[in-house]
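Welcome, and thanks for taking a look at this one. Below is a short tour, sorted by topic, to read beside the model.

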Amino acid sequence: MASLALPGSFLDVNKTCHCRYAARNSIIRCNVAEPLMFNKENGRPGMPLQVNGDPSFSNLLNANQLRRFPVAHGHTDTRLRIFSGTANPALSQEIASNMGLELGKIMIKRFADSEIYVQLQESVRGCDVYLVQPTCPPANENLMELLIMIDACRRASAKNITAVVPYFGYARADRKTQGRESIAAKLVANLITEAGADRVLACDLHSGQSMGYFDIPVDHVPGQPVILDYLASKTICSDDLVVVSPDVGGVARARAFAKKLSDAPLAIVDKRRHGHNVAEVMNLIGDVRGKVAVMVDDMIDTAGTIAKGAALLHQEGAREVYACTTHAVFSPPAIERLSSGLFQEVIITNTIPVAEQNYFPQLTILSVANLLGETIWRVHDDCAGGFEPYSNLGID
């Protein structure tokens with residue numbers, strides 16, 4: 001039986017060095033062991049990495065190893081500014097810390113009538129500005145806040161404004177499924193563009209076609225590498241693994257995921273939806289009997305689709321079921337469904353903050369801060385994503 005190993009991934013489970021992961025219900029990240037050290041050749045600081053107490057790991061540059069990306073400019077680059085909205089300040093702070101920067105100073109408050117007020121507390125004239133704000137629930141509040149932040153930066157004469165949207169709300173309204181419906185994803189894209197954004201950086205859009213709704217460049221960053229590396233650390237036997245798409249629309253995503261999991265077999269759950277946020281599972285395409293099923297989706301909202309799919313997998317003889325998703329929207333009653341015992345583990349990322357009261361024993365939260373931070377540096381430096389482990393970032 002071969003152990004699961006990911007070619008070209010951050011981690012190689014056959015190596016002796018592994019990233020130290022925190023316990024469940026906490027964000028998984030690597031530990032910075034030392035302060036920044038400056039390169040004598042270019043004056044740029046680098047960030048050493050200590051893994052399991054071994055600082056020598058930072059010298060391993062093999063593409064199959066987890067690399068903390070070097071801090072390309074750090075404190076010497078005064079033209080790069082990162083500001084955070086109120087939707088996910090913890091992720092924004094982690095991105096800035098990993099890049100060796102400090103978050104920009106900004107005042108955001110609500111008036112008594114719920115209007116939003118934004119004022120930058122420092123000059124951004126001629127700067128390359130990145131605004132980190134997912135449009136997660138409350139979606140309308142966070143979206144309006146992002147638009148006002150963009151407008152404030154534009155009126156403050158920022159040179160470039162990039163909207164870093166880890167979770168792009170309204171992405172599911174990307175087409176007309178019946179007459180007289182709106183395509184809200186296109187409307188939101190227009191709003192962000194007209195507000196003054198020069199570029200959008202998004203993580204795991206619901207469908208790739210949403211990139212075409214923008215009239216400005218879009219960098220689409222998949223969250224799969226973070227989840228794949230975590231699964232690799234679990235050393236699941238590759239012969240026992242099957243990747244499951246919870247619906248027909250997610251087959252392409254699941255197929256790409258399965259290919260990186262030692263080309264694991266694929267199964268598909270056929271569902272029939274009778275209304276919004278209501279799904280009914282009909283049957284299963286593929287064999288899962290006696291196998292470890294990994295369900296892959298871009299988001300979990302009410303968890304109706306993935307929970308009914310997991311129940312079907314157990315009925316068909318699956319030994320264990322894992323749920324993997326980038327965006328944890330977790331609208332009620334998602335927590336009750338996910339913690340009901342159907343799943344061995346629910347693996348998500350921190351693109352959307354999860355309140356502590358919504359933690360449950362099977363929940364594992366992975367951090368995408370390194371992934372987004374590396375992307376920001378590459379966009380800022382006009383650098384393409386052409387080498388591992390970031391060659392699949394799609395930044396050309």
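Which residue just after α8 takes a positive phi? Asp382 does, with a phi of about 55 degrees. Please keep in mind that this is a predicted model. The protein has eight helices and 19 strands, and 53% of its 396 residues count as buried. Among contacts between residues at least 6 apart in sequence, 65% join residues at least 24 apart.

**Helix α8**

- Helix α8 covers residues 369–380, twelve residues in total.
- From its first C-alpha to its last, α8 reaches 16 Å, close to the 16 Å expected at 1.5 Å a residue.
- Twelve of the twelve residues of α8 are buried, so the helix is largely enclosed by the rest of the structure.
- The buried residues of α8 include charged ones you may want to find on screen, among them Glu374 and Arg378, as well as Trp377 and His380.

**Helix α2 and its surroundings**

- Helix α2 runs over residues 139–155, and its 17 residues should span 24 Å at 1.5 Å a residue; the end C-alpha atoms are 24 Å apart, which agrees.
- Buried residues in α2 are Asn142, Leu143, Glu145, Leu146, Leu147, Met149, Ile150, Ala152 and Cys153.
- The cover over these buried residues includes the strands β6 (80–84), β7 (106–110), β8 (116–120), β9 (128–132) and β10 (160–165), along with helix α3 (184–195).
- After α2 comes Ser157, which has a positive phi near 70 degrees.

**Strand β9 and its partners**

- Two of the strands that help to cover α2 also pair with β9: β6 is parallel to it over five bridges, and β10 runs parallel to it, joined by five bridges.
- Five of the five residues of β9 are buried, so this strand is largely enclosed by the rest of the structure.
- Asp128, Tyr130 and Val132 point one way from β9, while Val129 and Leu131 point the other way.
- On the β6 side, Ser84 stands opposite Val132.
- On the β10 side, Tyr130 has Thr162 as its bridge partner, and Leu131 has Ala163.
- β10 is mostly covered too, with five of its six residues buried.

**The second largest cavity**

- A search of the whole structure finds two cavities of 30 Å³ or more, and the second largest has a volume of about 60 Å³.
- Its lining is made of Asp204, Gln224, Ile227, Arg253, Phe257, Val296, Asp297, Cys324, Thr325 and Thr326.
- The elements that give two or more residues to this lining are α4 (224–233), α5 (251–260), β16 (292–300) and β17 (320–328).
- β17 supplies the largest share of the lining, three residues.
- By type, the lining of the second largest cavity divides into four nonpolar, three polar and three charged residues.

**Met299 in β16**

- Met299 is found in strand β16, one of the elements that give two or more residues to the lining of the second largest cavity.
- With a relative accessibility of 9%, Met299 counts as buried.
- Leaving aside neighbours within four places in sequence, Met299 is in contact with Tyr167, Arg172, His206, Thr325, His327 and Val329.
- Met299 and His327 are 28 residues apart in sequence, yet their C-alpha atoms are 4.5 Å apart in space.
- Thr325 links two topics here: it is in contact with Met299 and it also lines the second largest cavity.

**Backbone features to check**

- Most residues other than glycine have a negative phi, and most peptide bonds are trans.
- Asp204, one of the lining residues of the second largest cavity, has a positive phi near 50 degrees.
- Asp204 lies in the loop between β11 (199–203) and β12 (218–221), and it is buried, with a relative accessible area of 12%.
- Ser262 is not a glycine either, and its phi is positive, about 55 degrees.
- The loop between α5 and β14 (266–275) holds Ser262, which is partly exposed at a relative accessible area of 35%.
- Pro137 and Pro138 are joined by a cis peptide bond with omega about -5 degrees; Pro138 is in the loop between β9 and α2.
- Pro332 and Pro333 are joined by a cis peptide bond with omega about 5 degrees; Pro333 is in the loop between β17 and α7 (334–338).

How values were computed:
Residues are numbered from 1 along each chain as its sequence is written. This is a predicted model: local features need pLDDT of at least 70, side-chain atom pairs count only at pLDDT 80 or more; totals for chains, interfaces and linings use all residues. Side-chain values use heavy atoms; hydrogens and water are left out. On a 1 Å grid over the protein atoms alone, a cavity is a set of points where a 1.4 Å probe fits but cannot get out, and a pocket is an open set with protein on both sides within 12 Å along at least five of seven lines; lining residues have an atom within 4 Å of a point. Grid points are joined across faces, edges and corners, and a volume is the space filled by probe spheres set on the points. Helices (H or I, at least four residues) and strands (E, at least two) are DSSP runs, numbered from the N terminus. The expected span of a helix is 1.5 Å times one less than its number of residues. Buried means under 20% relative accessible area, exposed over 50%, partly exposed in between (1.4 Å probe, protein chains only). Contact means heavy atoms within 4.5 Å. Two strands pair if DSSP finds at least two bridges between them.
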